[in-house]
Amino acid sequence: MPPEAAGAELHHRALERLYQSAPVNSLFNSKLTIPGEGRARLVFTVSEDVYHAAGAAHGTIYFKMLDDAAFYAANTLVSDRFLLTTGFNLHFTKPVRAGEVVAEGTWVSGKRRVFVAESRLIDAEGDEIGRGTGTFMRSHIALSGLPGYSE
């Protein structure tokens, strides 16, 4: 494996650890995997405790899954700084019910300061249930100083 490929692999595994170490993620049954540069995949198990009064997952759950997938897809291209979400548009296409949901994130553009990534949610039946596009900006926060990233 070339040194740059080995470095990217280490960065991807560190981002996966960073995701798991974030306190908010202890509230969700979810797992991040990064299959390659510009891509992220999250598997969530949605349960009834996140339902709104009409019996489906609250929109905050859509946002969490879509933002996380797009964010991590973009952050695969940045190995020194944590990115910040500066904007996010989302579209709901089907109610989320209890069960497994996959969030797939893909980097779209940007390699310096501002990054654009998109994501989509797929339910257990294979239907797209939501889609989003986010913009992310480099912060002054070093990835190496964050719990989980450096291990």
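**Strands, helices and side-chain pairs in a predicted model**

Strand β2, which covers residues 39–46, has two quite unlike sides: A40, L42, F44 and V46 make up the covered face, while R39, R41, V43 and T45 make up the uncovered one. That every-other-residue pattern fits a simple rule, since side chains in a regular strand alternate between the two faces of the sheet. It is worth saying right away that the model is predicted.

Strand β2 has partners too. One of them is β1 (residues 29–36), which pairs with β2 in the antiparallel sense through six bridges. Within this pairing, N29 sits opposite T45 of β2, and T45 belongs to the uncovered face of β2. The two strands make a hairpin, with two residues between them. In that turn, G38 takes a positive phi of about 80°. Strand β4 (residues 99–109) is another partner: it runs antiparallel to β2 and is joined to it by eight bridges. Here V43, from the uncovered face of β2, stands opposite V102 in β4.

Now for the helices. Helix α2 takes in residues 59–75, 17 residues in total. From its first C-alpha to its last it reaches 24 Å, close to the 24 Å expected at 1.5 Å a residue. Most of α2 is covered, with 14 of its 17 residues buried. Helix α1 runs over residues 3–21, and Q20 is one of its residues. Q20 is partly exposed, at a relative accessible area of 44%. Leaving aside residues up to four places away in sequence, Q20 touches S30, K31 and L32. For Q20 and L32, the sequence separation is 12 residues and the C-alpha to C-alpha distance is 7.8 Å.

Charged side chains come next, and the structure holds 10 salt bridges. One of them brings E16 and R13 together, at 2.8 Å from N to O. Both residues are in helix α1, three residues apart, or about one turn of the helix. How covered are the two? E16 has 15% relative accessibility, and because anything under 20% is called buried, E16 counts as buried. R13, at 25% relative accessibility, counts as partly exposed.

Helix α2 has a salt bridge of this kind as well, in which the side chains of D68 and K64 meet at 2.4 Å, N to O. D68 and K64 are four residues apart in α2, so about one helical turn separates them. Charged or not, D68 counts as buried, at 10% relative accessibility, and K64 is buried too, with a relative accessible area of 13%.

A further salt bridge joins E125 and K94, whose closest N and O atoms are 3.4 Å apart. This pair links distant parts of the chain: E125 is in the loop between β5 (114–122) and β6 (128–142), K94 is in the loop between β3 (81–92) and β4, and 31 residues separate the two. E125 counts as exposed, with 60% relative accessibility, whereas K94 is partly exposed, with a relative accessible area of 26%. The story does not stop at two residues, as K94, D123, E125 and D127 are linked in a network of salt bridges.

Finally, the rings: the structure holds seven aromatic pairs. In one of them, the ring centres of Y19 and Y72 are 5.7 Å apart and the planes stand at 80°, so the pair is edge-to-face. This pair, too, links distant parts of the chain, with Y19 in helix α1 and Y72 in helix α2, 53 residues apart. Both Y19 and Y72 are buried. Y72 also forms an edge-to-face pair with F71, at 4.7 Å centre to centre and with 85° between the planes. F71 counts as buried at 7% relative accessibility, and Y72 is buried with a relative accessible area of 6%. Which residues do ring pairs link into a cluster? The cluster takes in Y19, F71, Y72, F82 and F136.

How values were computed. Residues numbered from 1 in each chain as written. Predicted model: local features only at pLDDT ≥ 70, side-chain atom pairs only at ≥ 80, totals over all residues. Heavy atoms only, no water. Buried < 20%, exposed > 50% of the residue type's maximum accessible area, 1.4 Å probe, protein only. Pairing = 2+ DSSP bridges. Expected span 1.5 Å × (residues − 1). Contact = heavy atoms within 4.5 Å. Salt bridge = Lys/Arg side-chain N within 4 Å of Asp/Glu carboxyl O. Phe/Tyr/Trp six-rings, centres within 6.5 Å; stacked < 30°, edge-to-face > 60°.
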